[in-house]
Amino acid sequence: MYRFEHVYQGVLQDINFTIEKRDKVILFGPSGAGKSTLLFLLNRLNDPEKGEIYYNDQPIEDHPITQLRKKVGLVLQAPNLFPGTVWDNIKYGPSLFGEWEDHQGKELLEYVQLPSDYLNRDVEQLSGGEKQRVSLARTLANSPEVLLLDEPTSALDYRTAEEIEEVLENLIEEHKLTMLMVTHDLNQARRLGSRGLFLSEGRVAEDGEIPEMFDQPNSKELIKFLEQ
């Protein structure tokens, strides 16, 4: 699905890896290691300064950017919803492509475990957890293949974060999504991920299966990180 070949961008140096369909990848490492920078390369919020990225066996720049971002959905730590109602937000993406049907509104809220009467609520009336659910519903409305998550629960309280995790787990399984998530929470990484990419000083210092990476780290960088 994705192939990185000798990619450089900002702090990132000589990044090489392959992501297969339905992989559940956790990007983790110390602050400043390049995790979000790498995540944003996957939907061209960033472009590499050097090297090649392939998506579905084609150079990523050959995919029209609107189509790429339709297939590769991004959910940030702060939901960044548009002003207006929940309905306005979740219909926006599909409407651009002439693909919205009104019955989708209720279905999308069911996916993220919100009642259908939320459709007409102003997003400013929602709690942080509710906003993140709407953000997920808005991303799902585009029928993505890939879900990029940049610390989607770090701004939420523990109980709400657990609820969002459960929603994510169900969505990824039901929609057969490929997931790449940045998180500082290694317990969350264990719960949601099957593969880890550990970044240190702009490089992939270790690439392996979770939880083995945490229980039996191979690199001195990861050993040191886990001891902190």
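**View 1. The annotated ABC transporter domain in the predicted model.** An unreviewed UniProt entry lists residues 2-226 under "domain: ABC transporter". The model shown is predicted. Within the span 2-226, helix accounts for 36% and strand for 25%. The C-alpha atoms at the two ends of this span are separated by 28 Å. For the protein, the secondary structure amounts to 9 helices and 10 strands.

**View 2. The open sheet β2-β1-β4-β5.** This sheet is built from 4 strands with antiparallel pairing, arranged in the order β2-β1-β4-β5. Its edges are formed by β2 (12-19) and β5 (58-59), each of which pairs on one side only. Strands of a sheet are held in pairs through backbone hydrogen bonds, in either a parallel or an antiparallel manner.

**View 3. The pairing of β1 with β4.** Strand β1 (residues 2-9) runs antiparallel to strand β4 (residues 50-55), and 5 bridges join the two. One residue to locate here is F4, whose bridge partner in β4 is I53.

**View 4. Overall dimensions and packing of the protein.** Along the principal axes, the C-alpha atoms occupy a box of roughly 50 × 40 × 25 Å. The radius of gyration is 18 Å, which agrees with a compact globule, because a chain of 228 residues folded in that way would have a value near 17 Å. Of the 228 residues, 49% are buried. Among contacts with a separation of 6 or more, 67% are between residues 24 or more positions apart. The accessible surface is about 11,100 Å², and carbon and sulfur atoms contribute 43% of it.

Methods. Residues are numbered from 1 along each chain as its sequence is written. This is a predicted model: local features need pLDDT of at least 70, side-chain atom pairs count only at pLDDT 80 or more; totals for chains, interfaces and linings use all residues. Side-chain values use heavy atoms; hydrogens and water are left out. UniProt positions are given in the numbering used here, feature names are shortened, and annotations may be inferred rather than shown by experiment. Two strands pair if DSSP finds at least two bridges between them. The radius of gyration is taken over C-alpha atoms; the globule rule is 2.2 Å times the number of residues to the power 0.38. Buried means under 20% relative accessible area, exposed over 50%, partly exposed in between (1.4 Å probe, protein chains only). Contact means heavy atoms within 4.5 Å. Accessible areas come from the Shrake-Rupley method with a 1.4 Å probe; for residues, only the protein chains shown count as cover.
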